[in-house]
Amino acid sequence: MSERPLKIIGVPRRRVDGRAKVTGQTTFADDIFLPRMLHCKLLRSPHPHAIIRSIDVSRAAAHPGVRLVLTGKDFSEKFGILPVSQDEDPICGDRVRYVGDPVAAIVARDELTAFDAMDLVDVEYEILHTFADPLDSLERDEPRIHDYGSHGNVHKAVSMRFGDTDAGFDEADHVFDDVFFYEGNTHLAIEQHASVAAVDRDGKLTLWSSTQTPHYVHRALAKVLELPAAHIRVVAMPNGGGFGGKSDIFNHEMVVAKAALVLDRPVKICLTREEVFYAHRGRHPVLMRFRTGVKDSGEITAMHLRTLIDGGGYGSYGVASTFYTGALQTVTYHVPRYWFEGCRVFTNKPPCGPKRGHGTPQPRFGQEVQLDKIAERLAIDPSDLRLRIVEQPDTLTANYLRIGTIGLAECIRRVVAVSGFKDKHRRLPDGRGIGIACSSYLSGAGLPIYWNNMPQSGVQLKLDRSGGVTAFCGATEIGQGSDDVLAAVVAEVLGIDPFDVRTVTGDTDLTPVDLGSYSSRVTLMMGNAAIQAAERARELVATAVAAHLEIPPARLVFAERRVFDAEDPERGVAFQEAVCIAEAKHGTLGTVGSYSPPPSAARFKGGGVGPSPAYSYTAAVVEVEVDRTTGWVSVPKVWIAHDIGRSLNPTLVRGQVEGSVYMALGEALMEEQTFRRLPSKLSHALVHKFPSMLEYKSPTTLDMPEVVTELIEDPDPNGPFGAKEVGQGPLLPVMPALCNAVFDAVGVRIDEVPVTPEKVMRALDDKAKGGSGRYGPAAFPDIDWPDPLIVPPPWDGGDGCAVNDTREPGKKKGAKRS
Amino acid sequence: MSLEIEKSNAHLAMRVNGEDVEVSFAPYKTLLEVLREDLGLPGTKHGCELGECGACAVLLDGAPVLSCLVLGLECEGRDVRTVEGLASDGRLHPLQEAFADLGGAQCGYCTPAILLTAKELLDREPHPTRDQIRDALSGILCRCTGYLQIFESVEDAMVRASRPGERRASE
């Protein structure tokens, strides 16, 4: 086919589902109302850790309007998102692990009846010791919250050493040793999770759900319900915000599916806002210690990172989260020797999981604040320091991550220029300050959640004589614009308008598998699959039209809804006619495309977390004003430059960048998922401090600063039209840039987030009394780490394997999923 | 609330999106529930049902209210406008056009509430400043956009509103 300039890609455009979203016609899961539909409520544990001694549902079952009561006895299979953490029950059988764990499900004619009947379930609990603090979980092995994991209440402890870090520290002119804390926070999607299950007329089960990962829910339903997966359909409804909060498999999805099967009636559940705080799977609280050796020039000689991760009551994505706290330190700056030790413990709190950035914002925060301290000590401008140590393109890092394009230096230069950073840093009046930080993120995880060698994303296209093109893909629209990417990519290849493409997505019956909207994978993976399917369709149409016009196919151009001769543009046919000619020649038209990421260079255990087909890069400058009398930090302006490879729809790209900055400022300044004890005269139970949107503070229209977004476009060969991710990466540098700006403004270091006025005041008080003016964790605890996996880096002659891997040789081949 | 009341439905008339309707519903229901469950208007969303998130805002006699905090019983004879009633004569409202074009809606969940609240602002103040827009929308949480494209959409709508008759090419 003849080359032509891009017509759709890169042009700001109304998204294909834009009209539905502004007319209220986007159907979310709770908008489904079916005939004979019943409503489900889950009775949840008021105790954070207890054995269920007995449960009597007879009074509830007899309540007028109640149709069914389910308990743990109605299920025999556990589930969990990771194969190694199958630790959740649809309804708890014998043990509850946090306040909010479900103990019974009531299905009734309406929500109010179900709610009333919850009071009629009699549960007898035997209270167990509550693990409120990760340090307690480290120290106390009994009672075990789960009977699996590394040991005691340690879920996962890992140690991986890439090169001789001791020698690296010996080589250093300075060794910096800092402890940081990143408080947990939650997604707070405005849509509360909802699910509807129904048995079809042919006896098969359908679940419509607010999920980011219909394929994984599909697998879990088959396991828990003990039904063939082929007899279950999962439809991911458009999500009213996801941010990772709907990427796990939820007990309420299992429960309504079971209830629909038992009753042969549709059953709906919609979580209350309070319940959404319990469903959680949000940002892990992480305590971390960074030891970093540097030369006088700023060059890094070695890094040793330790993380202590508060996992909450279940595994969730936690094993992956643990590795992610140590995975991406090496992809921004050259780290020649790197030792990572990470430890996730169970506590009796709602399970943590993936939130935008999954496990990487916490160590990114520590790394970038420490770099600011290094720059300060070495008297190097912090942007210059970063430019000196930026990693090179086409590099294999110490931990075997393959970097292709890296636009970080350009991001730094651009953001420094547009913000006037050098004129402002250390030069603004007291109380005003400016800070810089950088980051990187994956464009899709290189490996799937469960080990398999099938594609990560599949796209099918149907073309017919109407001229209509339908694109089918399992990817999930969660607001980010995945349907728009699908339509735009297909339309670009076929020379039609995105609005000419009908998209059918997120439906396990109708669409080929795509693993879901997580790890910023959709644009790259679905996009590549869509290009392949569309190019195959174009080929079919081109051969038919070329024969019709009696010219070589290579001379054809697909553009402006026409297929025509590049040498004589008047000579050609309308797209619809072209499809008719092709249908006549080839028969019914359909094509498929699929995408599998390139193989990983990491062959050691745990090396499955971190590889990606492409890494995005971001640099941010944040300006703050700090009120010395109140400690209040306000942010007038943020400048951010993002290396996106290629922007497919700049309108949506900017929305992702600004939305990331917004969410990051919430994390930096106010958002925290924290807990408190009820008074002793009550139960003394560990409960969520404020499970409401009023008290869980998040930024409003009045808090949002001006944001200047710069996009760095250097197409990445692995991305569709060169595109890399944008949904998560731009969140990462904002929190550390803000802390660095606070230091610039008032000379105090807040080594944890959120940066609340109280912490600022304490640091200012400390400084006034002659202290260091630092607020943050004092120490990192002693942890019984496992022996490190020894993996020589590429420059030490390593081949990606650990030299002391004790697994049998057959399992070393290829990267192992964690 | 006693069982007697729960069992007997309220029946009342109101004007919804310019149409006179009569509706029967359980008297404890909020306007939000009556709209979504009894009037078949699920375009109005909910994020907390406690008056905290603003996602359920509708116009009641032209003024923005949180429909989760209004009882259906309070709406006898009153005028309610929801997102389903924003377009007219088969054409989107300028706010809807602008939000769709300029990224004002990402997931679309808070969008109905934002659109109605912005409509009330533009009805009252056809040329609001950025600060007036911020102020008017401050009770509605959006987790996707960071609000900036929402502000720009409202500002663009105010320009579009002064140029009636213009239509998008792709319609």
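Is B:Thr117 buried or exposed, and how many C-beta neighbours does B:Thr117 have inside 10 Å? In this predicted model, B:Thr117 is placed in helix H4 of chain B, and the residue counts as buried because 22 C-beta neighbours lie inside 10 Å, where the cut-off for a buried residue is 20 or more. When neighbours within four places in sequence are set aside, the contacts of B:Thr117 are B:Ala57, B:Pro64, B:Ala136, B:Leu137 and B:Ile140. B:Ala63, which is separated from B:Thr117 by 54 residues in sequence, has its C-alpha atom 8.2 Å from the C-alpha atom of B:Thr117.

Two of the residues in contact with B:Thr117, B:Ala57 and B:Pro64, lead to a pair of strands in chain B. Strand E3(B), residues 57-60, runs antiparallel to E4(B) and is joined to that strand by four bridges, with B:Ala57 standing opposite B:Leu66 of E4(B). The two strands form a hairpin in which two residues lie between E3(B) and E4(B), and B:Asp61, in the turn, has a positive phi of about 50°. Along E4(B), which spans residues 63-66, the side chains alternate between two faces: B:Pro64 and B:Leu66 point to one face and are buried, whereas B:Ala63 and B:Val65 point to the other face and are not buried.

The contact between the chains involves 40 residues from chain B and 42 residues from chain A. On the side of chain B that touches chain A, the elements that give two or more residues are helices H3 (94-102), H4 (111-124) and H6 (148-161) of chain B, and the largest share, five residues, comes from H3(B). By residue class, this side of chain B divides into 22 nonpolar, 12 polar and six charged residues.

Within chain A, a helix pair can be described in similar detail. The axes of H6(A), residues 214-225, and H7(A), residues 251-263, come within 10 Å and cross at roughly 55°, an angle which means that H6(A) is oblique to H7(A). The crossing of these two helices is right-handed. From H6(A), the residues A:Val217, A:Leu221, A:Val224 and A:Leu225 meet A:Glu253, A:Met254, A:Ala257, A:Lys258 and A:Leu261 of H7(A), and the residues of this contact divide into seven nonpolar, no polar and two charged.

Technical notes
Residues numbered from 1 in each chain as written. Chains lettered and ligands numbered in written order. Predicted model: local features only at pLDDT ≥ 70, side-chain atom pairs only at ≥ 80, totals over all residues. Buried ≥ 20, exposed ≤ 12 C-beta atoms within 10 Å, placed from the backbone. Pairing = 2+ DSSP bridges. Contact = placed C-beta atoms within 7 Å. Nonpolar A, V, L, I, M, F, W, Y, C, P; charged D, E, K, R; others polar. Axes fitted to C-alpha atoms, helices over the stretch in contact; angles between N-to-C directions. Parallel < 35°, antiparallel > 145°, perpendicular 65-115°, else oblique. Left-handed = near helix turned anticlockwise from the far one by under 90°.
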